[in-house]
Amino acid sequence: ETMHRVLATLLLLALAIPSPSSGQSTGSPTFELRLSSSSLAVPQGGSGAVTLSLTPRSRFTGTVSLRLVNPPAGVGFSPRSVGTGSHTLTFTTAPNTPPGQHTLTLRASSGAVAKEARLTLTVRSFSPSLNPNALTLAQGESQTATLAITSQGGFTGTVSLRLVDPPAGVRLSPGSLSVGTGLATQQLTIT
């Protein structure tokens, strides 16, 4: 009878101890990295945001450092470090950031653990040109020139037009131009 009690106690203890396969994590601490979108469009010199989700695995804790791998000129982002959970990641571009599509590689690292996510960044802008690019006007006279604006990176919108530091009495019309994707042209009158 004593032997049976000992065996029964050992059996109960064995049942009470969870096995490694009972759902508990046994791997090295790590994390999963995910962006809410695979693409982002921003104006040249502007900014845009996506949501970054950092999910802990195998009891991972702590903060993760973020950086871009070989980003285009003028492209930055913040914040540079995050903990687990969801965070707003803001990307900025500069006036000299090349228009068009750029594949960004975001690398997240903590100790020996590193993960990467990719984001297609589209920088939208436009390129103007004038024909002719020089005019000679007599006092009180008006002449015209053709303005051509080429959309870059899918830019659409209204472009404001103005003369920078013109001589007294010199005016330009119209003062704006609507641009779709592709090429837009407008006759400008200078008086």
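Is asparagine 70 buried or exposed? Select it and see: asparagine 70 is exposed, because its relative accessible area of 72% is over the 50% cut-off. Keep in mind as you click around that this is a predicted model.

**Stop 1: two residues with positive phi**

Stay on asparagine 70 for a moment. You'll find it in the loop between S4 and strand S5 (76-78). Check its backbone torsions: phi is positive, about 50°, although asparagine 70 is not a glycine. Most residues other than glycine have a negative phi.

Now jump to arginine 59, in the loop between strand S3 (47-57) and strand S4 (64-68). Arginine 59 is not a glycine either, yet has a positive phi of about 65°. With 69% relative accessibility, arginine 59 counts as exposed.

**Stop 2: two cis peptide bonds**

Next, something for the omega column. Most peptide bonds are trans. Select asparagine 131 and proline 132: the bond from one to the other is cis, with omega near -5°. Proline 132 sits in the loop that runs between strand S9 (113-131) and strand S10 (143-152).

Then go to serine 173 and proline 174, which are also joined by a cis peptide bond, with omega about -5°. Proline 174 belongs to the loop between strand S12 (172-173) and strand S13 (176-179).

**Stop 3: glutamine 187**

Keep proline 174 on screen and add glutamine 187, part of strand S14 (residues 183-190). What does glutamine 187 touch, leaving aside neighbours within four places in sequence? The contacts are Thr144, Ala145, Thr146, Ser173 and Pro174, so both partners of that second cis bond are here, as the 4.5 Å cut-off on heavy atoms counts them.

Zoom in on the side chains of glutamine 187 and threonine 146: a polar contact of 2.4 Å joins them. Glutamine 187 counts as partly exposed, because its relative accessibility is 42%, between the 20% and 50% limits.

To link back to the first cis bond, draw a distance from the C-alpha of glutamine 187 to that of asparagine 131. The two atoms are separated by 9.7 Å, while the residues are 56 apart along the chain.

**Last stop: zoom out**

Show the whole chain as a cartoon, and you have 1 helix and 14 strands. Of the 191 residues, 27% are buried. Among contacts with a separation of 6 or more, 56% come from residues 24 or more positions apart. Switch on the surface to finish: about 11900 Å² is accessible, and carbon and sulfur atoms account for 51% of that area.

Key
Residues numbered from 1 in each chain as written. Predicted model: local features only at pLDDT ≥ 70, side-chain atom pairs only at ≥ 80, totals over all residues. Heavy atoms only, no water. Helix = DSSP H or I, 4+ residues; strand = E, 2+ residues; numbered from the N terminus. Buried < 20%, exposed > 50% of the residue type's maximum accessible area, 1.4 Å probe, protein only. Polar contact = N/O pair within 3.5 Å; in protein donor to acceptor, adjacent residues only side chain to side chain. Areas by Shrake-Rupley, 256 points an atom, 1.4 Å probe, with all protein chains shown as cover.
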